[in-house]
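Visitor: I'm new to this structure, and I'd like a close look at a single part rather than a quick tour. Could you pick out the salt bridges and walk me through them?

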Amino acid sequence: MVFSNNDEGLINKKLPKELLLRIFSFLDIVTLCRCAQISKAWNILALDGSNWQRIDLFNFQTDVEQAPRLVVLYLGRVVENISKRCGGFLRKLSLRGCIGVGDSSLKTFAQNCRNIEHLNLNGCTKITDSTCYSLSRFCSKLKHLDLTSCVSITNSSLKGISEGCRSLEYLNLSWCDQITKDGIEALVRGCRGLKALLLRGCTQLEDEALKHIQNYCHELVSLNLQSCSRVTDEGVVQICRGCPRLQALCLSGCGNLTDASLTALALNCPRLQILEAARCSHLTDAGFTLLARNCHDLEKMDLEECILITDSTLSQLSIHCPRLQALSLSHCELITDDGILHLSNSACGHERLRVLELDNCLLITDVALEHLEHCRGLERLELYDCQQVTRAGIKRMRAQLPHVKVHAYFAPVTPPSAVGGGGQRLCRCCVIL
């Protein structure tokens, strides 16, 4: 037998300890725990600190949650025990969704794992500012911190982080809606090396918060302001002027923005690759024309509900943005088949385009699908509520592009006799082809 409860099992004789440790380093936490029960020798190998440099407890906590009464007590103890065993070895820990983990357990963790660099606390809703104080005091090497939906976090946490975690490069504060401009100012004064800052749903933030980011975070590459509805053109202009290395920007749901924001991006951020501007209904062709002519590295654009744009925007993107891979035009009701023709005939259409969303583009017809047959790399096409697109048109396109996943709605028409004359649409059904 290769595997045996006896420590003299063949695998233990044939392979040196160093190689077995190397093999164990590829195992997840659950598998390691199972291996630790095989024999004394494997227990020592499986629980060696070097195998516990990267830990993800998401699947583990999902299993534990089958017994809700144990969640708070058990997960907290697991985190504490891991921290005591791993000590200085642990570099990366994900507690995503571990709602039972609180401040006390994370204080023990911080005290024992001072070399931690990557910490994911997404959805750990029990933690408060106390956890951030502990991280600030003991975890000076922290580079990546995710606090998504940690709704008890306040400006005090950001002040603590700025004082003790000055190596921070990535911070996710999405849906931490107690954060204000004062917290952002405290944060960026101490963490000037930030490269990614995610502020989705931080609804109290205004332009002044962006001014602080402009003043201190000149290395910023990614910024997410989704649903920060108080932000205006003034704030976006400041960000663009202070953060010329910006590559990814999300402005979706910032409904006050106009072409002035696009102009600032065009003139200051030539490296821009990702722009999400869904529900920014005041943006027009003029702004996107300037953007396309200056930001040639654009790869992904979400323009859903940018209701003023026309085929002119697609024409400019087709000419100037050869790297475009994903484009959402859902609810852009002025887009026509001609716009799709520009896109499909372009370099990006022929070589790069993978995803195209056209939901509720009411002027799109089967002719657009014929144009898209030239997009050989297309992988996904969204056509919900494109009422002039037919099953036959989709079938013809997929005969040329069999690998494309098409999502569409079709409305059955009742017989004339059922409605006393002309047919009538009764309901819609989803069709995935």
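Guide: Here is a walk through the salt bridges, with a little on the chain that holds them.

Keep in mind that this is a predicted model. The protein chain has 19 helices and 15 strands, and 51% of its 433 residues are buried. Among contacts with a separation of 6 or more, 76% are between residues 24 or more positions apart.

Now to the bridges: the count comes to eleven. Let's start with one inside a single helix. R189 pairs with E185, and their closest N and O atoms are 3.1 Å apart. Both belong to helix α10 (residues 181-190), where they sit four residues apart, about one turn of the helix. How open are they? R189 has a relative accessible area of 42%, so this residue is partly exposed. E185 comes in at 22%, which also makes it partly exposed, since buried means under 20%.

Next, look at E219 and R245, whose side chains meet at 2.6 Å, N to O. This pair links distant parts of the chain, 26 residues apart: E219 is in the loop between α11 (207-216) and β7 (222-224), while R245 is in the loop between α12 (233-242) and β8. E219 is partly exposed at 31% relative accessibility, and R245 is partly exposed at 37%.

A third bridge joins D366 to R396, with 3.7 Å between the closest N and O atoms. D366 is in helix α18 (residues 366-372) and R396 is in helix α19 (residues 391-400), so this pair ties together parts that are 30 residues apart in sequence. Here the two partners fall into separate classes: D366 counts as buried because its relative accessibility is 13%, whereas R396, at 43%, counts as partly exposed.

Salt bridges can also join up into a network, and E357, R380 and E382 are linked in just that way.

For some contrast, let's turn to the nonpolar side of things. The largest nonpolar core has 119 residues, and I213, L275, L291 and L381 have the most contacts inside it. Helix α6 (residues 68-86) gives the most to this core, with five residues. There's also a second, separate core of seven residues, including L20, F24, L45 and A46. Back with I213, you'll find contacts to I184, V188, L197, L199, L220, I239 and C243, leaving aside neighbours within four places in sequence.

How values were computed: Residues numbered from 1 in each chain as written. Predicted model: local features only at pLDDT ≥ 70, side-chain atom pairs only at ≥ 80, totals over all residues. Heavy atoms only, no water. Helix = DSSP H or I, 4+ residues; strand = E, 2+ residues; numbered from the N terminus. Buried < 20%, exposed > 50% of the residue type's maximum accessible area, 1.4 Å probe, protein only. Contact = heavy atoms within 4.5 Å. Core = buried A, V, L, I, M, F, W, Y, C linked by side-chain atoms within 4.5 Å. Salt bridge = Lys/Arg side-chain N within 4 Å of Asp/Glu carboxyl O.
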